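Me: I'm new to reading protein models and I'd love a close look at one part of this one. Please take it slowly and spell out the terms as you go.

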Amino acid sequence: MAATKRGHAPPDGGWGWAVVFGAFISIGFSYAFPKSLTIYFKEIQEYFTVSYSEIAWLSSVMLASMYAGGPVSSILVNRYGSRPVVMVGGLMVSAGMVLASFGRTIMHLYLCVGVIGGLGLALNLQPALTIIGTYFQVKRPMANGIAMAGSPVILFTLAPLNQFLFDSFGWRGSFLILGGIVLNCCVAGALMRPVNNNTRPKPKTEPPERNGAAAEEAAAASDTGEQDESESQGCLHKFIDVSLFKHRGFLIYLIGNVVMFFGFFAPVVFMAAYAKHQGIDEYSAAFLLSIFALVDMFMRPATGFIGNSKWVRPRIQYFFSFAVSFNGVCHLLCPLLPGYVGLVVYAVIFGLAFGMVCALLFEVLMDLVGAKRFSSAVGLVTIIECGPVLLGPPLSGALVDIFGEYKYMYYACGVFMLVPGIFFFIMHYFNYKKLDEEKRQNVPVDMRTCEEAVQLKMSQDSNTAHDTDG
Amino acid sequence: MAECCFIHFSRGDVSHRVRASTLHAGESHTENVELLNPVNLALQCTWTGNQNKLPNITGFWRKDGDEVENSRVTVQLEGDEYELKRVFSIVSEESLGSYSCVFGSEAKIEFVLAAPQIGEVRDKPIVSYVGDSVVIACKMEETKPKPGSWNWYKANGTDKEQIFVVAEPLRYEIKNEERKTKLVVHNLTEADGGLYYCGAVYAISTTMGHVELKVISFQEPLKPFIAIVIEVIVLVAAILLYEKSQSKKNYTEGSNRETQGENNGPEGSSSTRQRKI
């Protein structure tokens with residue numbers, strides 16, 4: 001089925017692994033960079049004489065820009081492909097950091113680091129995820145798992161690096177040098193060669209609908225580029241595929257994810273604070289986070305490997321549902337574990353659960369909507385997820401403040417993850433049933449409005465062309 | 001093992017405080033005593049003795065290692081214990097220091113008398129740039145009593161020179177809150193680098209904390225930045241050139257494949273059309 005849709009089989013290897021490495025770097029910077037900047041907050045707060053919440057806004061603005069920039073990123077990737085977008089993204093973040101190093105007011109930092117930097121990171125994240133789908137089909141869960149491992153690995157390297165830069169150069173010099181380091185995203189972008197480039201020269205830009213003979217050639221030839229163009233011109237939704245909102249799988253994913261993200265990040269954010277609240281010293285509390293990150297780092301490719309196995313792959317949505325539910329159960333049981341040993345056990349199990357969900361997060365979306373519509377899908381998902389991601393930690397913080405203890409926050413997070421997990425299990429059971437039915441009726445399932453209309457149109461055009469010739 | 005108890009009572013404007021410590025086996029022990037104001041402090045040591053349990057032993061007091069004049073006394077064994085007690089007049093910074101009670105040649109308890117110490121001191125230097133401004137802060141912990149005021153000093157060789165804002169109002173700014181103080185230095189030059197001392201002023205003395213300031217020029221971080229930019233440009237160029245050479249190789253192969261593809265075109269399209277229906 002993939003062959004007919006795309007016109008060629010994804011390489012599933014070869015240069016694809018270099019692309020996975022590039023995606024590893026891009027995804028890693030996108031997720032880890034905002035978190036790693038928190039080391040500078042104290043000094044910047046002193047320098048500009050602002051309150052703690054004002055400096056924390058910097059993280060929020062950056063994260064918000066990154067998520068809100070999702071659709072923009074998708075549109076650009078749909079039009080220009082992954083490579084140029086990632087390179088422009090890398091340049092943007094770099095420029096933002098360099099400009100910020102000369103900043104005189106906190107507003108300057110919000111704009112440079114927050115808005116420009118955040119947008120640049122958005123232009124890194126989406127294309128990196130998208131290109132994996134074009135290079136891999138059979139080994140895709142593995143590729144996704146490895147690429148997503150970029151986030152904890154780069155966070156692990158950036159954290160001590162940032163501390164070293166801060167001690168040597170203060171915050172201004174550090175921002176300048178970070179601007180250079182983040183420029184390596186452009187190197188990652190250079191690796192993201194468009195998947196057809198070395199088998200065929202750039203296709204002609206004549207749209208196939210106007211030329212009957214050319215339409216036939218497009219149907220026969222193995223060229224994604226021309227087909228993409230005809231579809232994007234045939235559909236009303238030229239820039240972003242809004243018909244996804246009628247896609248069953250997409251809707252299940254979206255609804256579940258929106259609820260899930262309320263409880264997803266808060267436990268990570270509050271882990272050290274919770275440990276200190278239990279009376280644990282600062283270094284041991286920080287060590288918990290390191291344990292968590294280490295387990296997460298290894299769990300992501302491992303999950304990719306499991307997801308790739310022949311037992312799991314056909315029903316990978318259940319694996320994802322299990323991962324989400326596992327997270328929920330983990331948070332519900334956490335407050336029951338006593339002492340530092342209990343917290344270490346929790347950190348390990350949470351690391352496992354978090355790694356599983358992260359490795360599968362985009363793989364299951366690709367599995368549901370297909371690689372072609374993935375770019376638009378992920379753009380829509382990120383902008384809608386923007387809300388819960390930003391609101392989650394402050395709401396959890398409010399819960400802690402109201403009740404004075406952390407266990408209610410963990411219960412809430414547990415529920416926010418367990419309910420979507422169960423929702424996923426049930427909905428995907430029905431979805432798989434329906435997919436199997438549709439397969440039996442021989443209708444290709446992920447061809448929806450756009451593609452069917454275009455195929456029909458192309459066959460009509462070639463019919464008329466033949467009539468005129470004949 | 002040593003126990004200690006603390007009794008405080010005041011009479012009029014002179015407060016008497018008693019600080020007591022008990023030593024069991026033949027060891028030594030150190031007590032930290034925090035003082036804010038001038039006070040007559042009574043220090044009391046009790047020793048349970050060793051195996052011999054002599055009826056009389058000599059005890060004396062030491063200040064900073066030197067024996068205190070006229071402090072040698074003969075201590076009687078009372079109720080299985082020996083006791084040494086003396087009142088010291090702590091009026092100024094010189095009176096502060098280490099006081100020890102010594103029993104015979106074995107047992108010793110040390111009392112370290114000091115004003116509240118500044119706990120959280122940044123041990124690594126603060127880095128700032130020429131022409132920029134910097135904020136140096138000192139903080140007295142919440143658990144310790146708050147100082148009357150704060151002073152700032154800059155190290156000049158082995159000496160400390162106090163910083164007065166009135167002398168150079170454009171360059172220095174001191175912002176004081178109860179437990180925190182901030183020194184802001186504007187328009188930094190390389191000469192501004194060095195050790196700065198913040199002094200928490202108490203009636204009895206001023207305790208110091210120090211912070212080091214390093215002033216560097218903007219070229220320092222610029223060097224690694226340019227090195228990284230060059231590395232990125234080299235890598236990107238290498239990757240793109242490699243790709244170009246690969247595609248040139250495939251282009252010649254590809255054009256051969258294309259002509260074959262066109263011949264198969266019409267047959268291919270009919271088969272796909274059937275599949276569509």
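What follows is about salt bridges and the surroundings they sit in. Which side chains meet in a salt bridge with A:Asp167 and with A:Arg172?

Reply: Quick ground rules before we zoom in. Residues are numbered from 1 along each chain as its sequence is written, while chains are lettered from A and ligands numbered from 1 in the order in which they are written. This is a predicted model, where local features need pLDDT of at least 70, side-chain atom pairs count only at pLDDT 80 or more, and totals for chains, interfaces and linings use all residues; side-chain values use heavy atoms, leaving out hydrogens and water.

Now to your pairs. A salt bridge here is a side-chain nitrogen of Lys or Arg within 4 Å of a carboxyl oxygen of Asp or Glu, and over all chains the count comes to 17. In one of them, A:Asp167 meets B:Lys124, at 3.0 Å from N to O. A:Asp167 lies in helix α9 (residues 150–182) of chain A and B:Lys124 in the loop between β10 (107–114) and β11 (126–129) of chain B, so this pair joins two chains. In case you wonder about the labels, helices (H or I, at least four residues) and strands (E, at least two) are DSSP runs, numbered from the N terminus.

Your other pair is B:Asp132 with A:Arg172, at 2.9 Å from N to O. This one crosses between chains too, from the loop between β11 and β12 (134–139) of chain B to helix α9 of chain A. Are these side chains buried or exposed? Buried means under 20% relative accessible area, exposed means over 50%, and partly exposed is in between (1.4 Å probe, protein chains only). B:Asp132 is buried at 5%, and A:Arg172 is buried at 4%. Over in the other pair, B:Lys124 is partly exposed at 35%.

Let's stay with helix α9's stretch of sequence, residues 150–182 of chain A, and look at A:Phe175. Contact means heavy atoms within 4.5 Å; leaving out residues up to four places away in sequence, A:Phe175 touches A:Leu37, A:Tyr40, A:Ile44, A:Met97, A:Ala100, A:Ser101, A:Leu109 and A:Val113. A nonpolar core is a set of buried Ala, Val, Leu, Ile, Met, Phe, Trp, Tyr and Cys residues joined through side-chain atoms within 4.5 Å. The largest such core has 132 residues, and A:Phe175 is among those with the most contacts inside it, along with A:Phe33 and A:Leu109. Helix α17 (residues 339–403) of chain A gives the most to this core, with 24 residues. Apart from it lies another core of 45 residues, including B:Phe111 and B:Val134.

Stepping back to the two partners, chain A has 19 helices and zero strands, and buried residues make up 56% of its 470 residues. On the chain B side, a UniProt record (unreviewed entry) places "domain: Ig-like" at residues 41–101 and 116–217. It also puts a "transmembrane region" at residues 224–242. UniProt positions are in the numbering used here, feature names are shortened, and annotations may be inferred rather than shown by experiment. The model gives residues 116–217 of chain B 0% helix and 51% strand; residues 41–101 have 0% helix and 57% strand. Residues 224–242 look quite unlike that: 100% helix and 0% strand, with the end C-alpha atoms 27 Å apart.

There are more bridges to find. A:Arg83, A:Arg193 and B:Glu243 are linked in a network of salt bridges. Then there's A:Arg248 with A:Glu438, whose closest N and O atoms are 3.7 Å apart. That pair links distant parts of the chain, helix α13 (residues 248–260) and helix α18 of chain A, 190 residues apart. A:Arg248 is partly exposed at 26%, and A:Glu438 is partly exposed at 21%.

One last detour along helix α18: A:Tyr429 sits in this helix and is partly exposed at 44%. For a nice contrast, try A:His331 in helix α16 (residues 316–333) of chain A: this histidine is buried, with a relative accessible area of 0%. Leaving aside neighbours within four places in sequence, A:His331 is in contact with residues including A:Tyr410, A:Cys413, A:Gly414 and A:Met417.
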